[in-house]
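Thanks for making room for this on the agenda. I would like to walk through one model, going from its overall make-up to its sheets, then to the ligand, and ending with a single residue.

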Amino acid sequence: MDVADIPAVPEWLPDHLRADGIESLYPPQGQAVEAGITEGENLVASVPTASGKTLVATLAMLASVERGGKALYIVPLRALASEKREEFEQFEQYGLDVGVSTGNYESEGGWLATKDVVVATSEKVDSLVRNDAPWLDDLTCVVSDEVHLVDDGQRGPTLEVTLAKLRQLNPDLQTVALSATIGNAEALADWLDAALVDSDWRPIDLKKGVHYGQALHLEDGSQSELPVRNSEKPTAAIVRDTLEDEGSTLVFVNSRRNAEAAAGRLGSTVEPHLTADERDRLADIAAEIREVSDTETSDDLADAVEQGAAFHHAGCASEHRALVEEAFRDRLVKVVSATPTLAAGVNTPSRRVVVRDWRRYDGTAGGMQPLSVLEVHQMMGRAGRPGLDPYGEALLIANSHDELDELFERYVWADPEPVESKLAAEPALRTHILATVASGFANSREGLLEFLEGTLYASQTTERGRLERVMDDMIEYLERNEFMEREPSGEGEDLTATSLGHTVSRLYLDPMSAAEIIDGLRAWQRGDGRARADDGASAAERSAATDAVAEGEEPPGFTTASDLADDGGGEAAERPEPTAMGLYHLVARTPDMYELYLRSGDEEEYQMLAFEREAEFLGSMPSEFDPAFEDWLSALKTARMLEDWASEVDEEVVTDRYGVGPGDVRGKVETAQWLLGAAESLAGELGLGLAPAIREARVRAEHGVREELTDLAGVRSVGRKRARRLFDAGIENRADLREADKSVVLGALRGRERTAETVLENAGHRDPSMDGVDPDDSARPDENDGGASDDGSGAAGTEPDDEEDQSSLGDF
Ligand SMILES: Nc1ncnc2c1ncn2[C@@H]1O[C@H](COP(=O)(O)OP(=O)(O)OP(=O)(O)O)[C@@H](O)[C@H]1O
């Protein structure tokens with residue numbers, strides 16, 4: 001279809017597309033238009049990676065806006081939100097107003113009301129729904145990118161419920177869902193009452209195959225020589241072979257450590273092929289990478305980049321990842337070894353893709369498990385750069401003839417698995433039932449069932465009873481914890497969220513996290529911790545008592561309104577404040593925080609620490625024989641990492657001590673900040689009087705500094721290192737800074753004129769992080785790529801960070 005023939009789109013669009021090199025639509029795009037995508041029809045497009053899905057969505061959104069409507073584009077990762085915003089900004093010249101909402105600064109995002117197109121993660125949209133953002137009623141088109149992720153056990157239910165809610169809010173809403181090629185695209189189309197474009201068309205041929213011995217075996221039955229030299233690994237041989245043809249290679253491996261090791265090794269394969277000019281440009285990029293942070297990860301990455309190789313994983317800082325992606329697109333970096341995060345949508349095509357590891361460690365399944373066909377096909381789909389390569393090649397590597405056969409059967413010739421809803425799981429339902437009742441989508445048990453009828457789960461299941469059973473268990477759990485009330489009414493049961501339940505829902509907490517936090521705060525308020533610590537009872541005795549309670553009628557986390565009322569008593573003033581460590585531990589043990597793993601030898605170390613610092617913990621410590629003890633110790637490890645960070649321990653020492661990347665530190669800090677903000681709100685709502693101590697711990701974690709430095713570090717563009725330098729130069733707080741002599745500031749900031757000016761200017765502004773948390777601020781970091789909330793794109797498009805701010809991110 002010629003671009004001039006697309007109906008109902010703005011009249012400037014055909015010329016704009018032509019200027020971009022798009023004269024006619026790709027076949028699946030043409031089918032989407034024929035299915036009425038520009039005329040408000042629902043559509044599911046199940047199309048291979050890099051086959052122009054974004055343009056399908058763009059056509060739907062532009063046509064919808066042209067009719068006076070407003071569109072929402074839901075992405076699975078924050079990093080993708082920034083990428084999509086950049087893509088849509090090209091239309092701002094025609095008056096289209098684009099906003100991105102991923103960050104933690106808005107509540108119901110009132111500023112988004114005037115935007116034509118809003119890009120947001122599914123968690124953010126869920127929280128906007130919970131906060132009753134009025135502009136959601138004006139939506140006319142919603143796009144769900146990578147909708148096959150409804151299959152994800154962790155985050156899928158949020159996307160599923162959010163789409164169901166948006167569609168209930170506005171029954172005329174056009175729904176466009178973009179999916180990878182999956183086994184059951186028609187099930188998604190049925191669920192969304194949508195037409196289906198199910199195609200395996202690609203703009204560039206993709207040849208899949210397996211390397212074995214000295215040859216490539218491709219799916220069309222052809223074989224070509226690809227010799228592996230003595231002492232060379234097959235991956236290096238493939239990279240070398242691709243380079244000789246001036247192509248680049250993307251290598252998928254199964255762990256961060258493997259990604260780093262592979263980049264280090266492959267650098268020596270690439271280096272001899274670089275030109276002098278490339279070496280110079282790579283050296284500049286390496287210098288930028290070193291600037292980002294003072295860590296081993298940063299140095300290792302810079303070393304690899306100097307040789308034309310790089311790694312890319314969720315433990316890298318967002319700035320690192322962005323630099324690597326750009327250098328790879330510019331064809332300066334010739335090989336990137338990546339964990340599967342990179343396959344999840346970021347646009348980095350390459351001539352060849354090597355899926356080196358097709359198994360991944362999975363603790364719950366007890367060892368190495370094969371990747372899904374869908375995942376492997378997504379990675380393979382990155383092969384072939386439109387306009388640059390004649391075709392793409394995607395290869396697995398076999399070490400034996402049997403493995404060669406197995407890989408063909410398992411991946412090359414296999415169809416992707418069907419996508420299945422994961423909604424009927426306790427954590428998902430506990431959270432979404434409360435949110436659904438609190439935000440008025442249902443007010444009875446029957447209403448909830450009806451709402452759940454609109455989900456993919458209901459359209460897929462043959463076992464209706466299961467959802468109902470889990471739902472009833474969760475209603476009971478929420479009632480027991482005083483988040484919800486139920487009352488018989490006629491044949492059924494009315495459900496209402498309590499005031500506490502409303503708060504928990506708006507704060508975006510898993511109700512179980514809220515119960516854990518409330519319980520810990522109450523225990524502290526009652527003096528449980530110290531009483532135990534003072535009474536000389538052994539840890540084993542205390543744990544036995546805890547076990548007895550746990551085995552009784554009331555589960556841990558049980559909180560009644562009368563208990564809470566008792567806690568508001570006047571004795572609070574005599575009680576010591578909880579320590580930052582105690583509070584970090586409290587939030588680290590909630591299900592909303594991914595804990596750090598205990599490595600061998602850690603258990604003993606943290607057990608010692610637990611006993612040494614026992615008086616600081618909020619709530620009881622499980623016995624050493626309790627299976628929950630190990631989790632409790634993992635939370636202690638996370639808490640100590642946060643404590644180190646908030647005590648200005650050097651970043652390099654922190655990453656080294658806990659065996660994590662700088663991105664992980666940042667992810668944990670953001671999650672802790674969010675959970676402590678929530679704890680502060682809960683303490684306030686329950687009259688527990690602990691809010692100031694929680695706020696202090698939060699602000700210290702946020703800025704990574706001692707208490708004396710929080711005021712200074714809270715000044716925009718100052719950050720951790722600069723706060724310390726200013727403090728050492730005698731400027732102790734914001735007031736001092738406002739009065740300070742510019743030459744002193746300049747001296748402390750090592751003569752950086754622009755930085756000093758920006759810092760002085762910012763000293764006059766209010767510091768939002770010192771304010772109490774607005775209960776409406778429900779934003780949470782999106783732990784959405786394997787625990788990495790480190791893409792740094794928070795609030796992109798809302799408050800564009802200036803250059804100075806960017807550089808202060810280097811503190812992470
Ligand atoms: N009809 C077309 N003609 C020529 N180029 C096109 C056409 N449609 C899209 N493209 C180009 O193809 C490239 C890949 O498209 P796009 O990124 O939209 O694919 P995608 O399917 O959304 O990828 P992903 O699987 O990563 O989400 C882009 O550079 C885009 O500009």
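Let me begin with a convention: helices (H or I, at least four residues) and strands (E, at least two) are DSSP runs, numbered from the N terminus. This is a predicted model, in which local features need pLDDT of at least 70 and side-chain atom pairs count only at pLDDT 80 or more, whereas totals for chains, interfaces and linings use all residues. Residues are numbered from 1 along each chain as its sequence is written.

By that convention the protein chain has 35 helices and 19 strands. Of its 812 residues, 53% are buried, where buried means that 20 or more other C-beta atoms lie within 10 Å of the residue's own, exposed means 12 or fewer, and partly exposed lies in between, with C-beta atoms placed from the backbone. If we take contacts (C-beta atoms, placed from the backbone, within 7 Å) between residues at least 6 apart in sequence, 73% of them join residues at least 24 apart.

The domain bounds, which come from an automatic or database domain assignment, give domain 1 (3-198), domain 2 (205-412), domain 3 (426-489), domain 4 (511-714 + 769-777) and domain 5 (720-766). Between the C-alpha centres of domain 3 and domain 5 there are 53 Å.

Now to the sheets, where two strands pair if DSSP finds at least two bridges between them. One open sheet has seven strands in the order S3-S4-S2-S5-S6-S1-S7, with parallel pairing. At its edges stand strand S3 (98-101) and strand S7 (195-198), each of which pairs on one side only. From one strand to the next the twist averages 15°, with axes taken as lines fitted to C-alpha atoms, for helices over the stretch in contact, and angles running from 0 to 180 degrees between N-to-C directions. S3 and strand S4 (residues 117-121) are joined in the parallel sense over four bridges, and Gly 99 is found opposite Val 118 in S4. Packed on this sheet is H3, whose direction makes about 170° with that of S6.

A second open sheet has eight strands, ordered S10-S9-S8-S17-S14-S11-S13-S12, and here the pairing is mixed. Why do strand S10 (223-225) and strand S12 (309-312) each have one side without a neighbour in the sheet? Both stand at the edges with a single partner strand, so one side of each is left open in that sense. In this sheet S12 and strand S13 (residues 335-338) run parallel and are joined by four bridges, and the bridge partner of Ala 309 in S13 is Val 335. Helix H14 (residues 401-412) packs on the sheet, touching strand S8 (205-212), strand S9 (215-218) and strand S17 (391-398).

Turning to the ligand, 14 residues surround it, and those that come nearest are Ile 22, Thr 49, Gly 52, Lys 53 and Thr 54; a residue counts as near if its C-beta atom, placed from the backbone, lies within 6 Å. Helix H3 (residues 53-66) supplies the largest share of this shell, three residues. At least three residues of the shell come from each of domain 1 (3-198) and domain 2 (205-412).

Finally, Glu 446 sits in helix H16 (residues 445-453). Because Glu 446 has 16 C-beta neighbours inside 10 Å, it counts as partly exposed. Its C-alpha atom is separated by 7.5 Å from that of Glu 493, although the two are 47 residues apart along the chain.

Key:
Contact = placed C-beta atoms within 7 Å.
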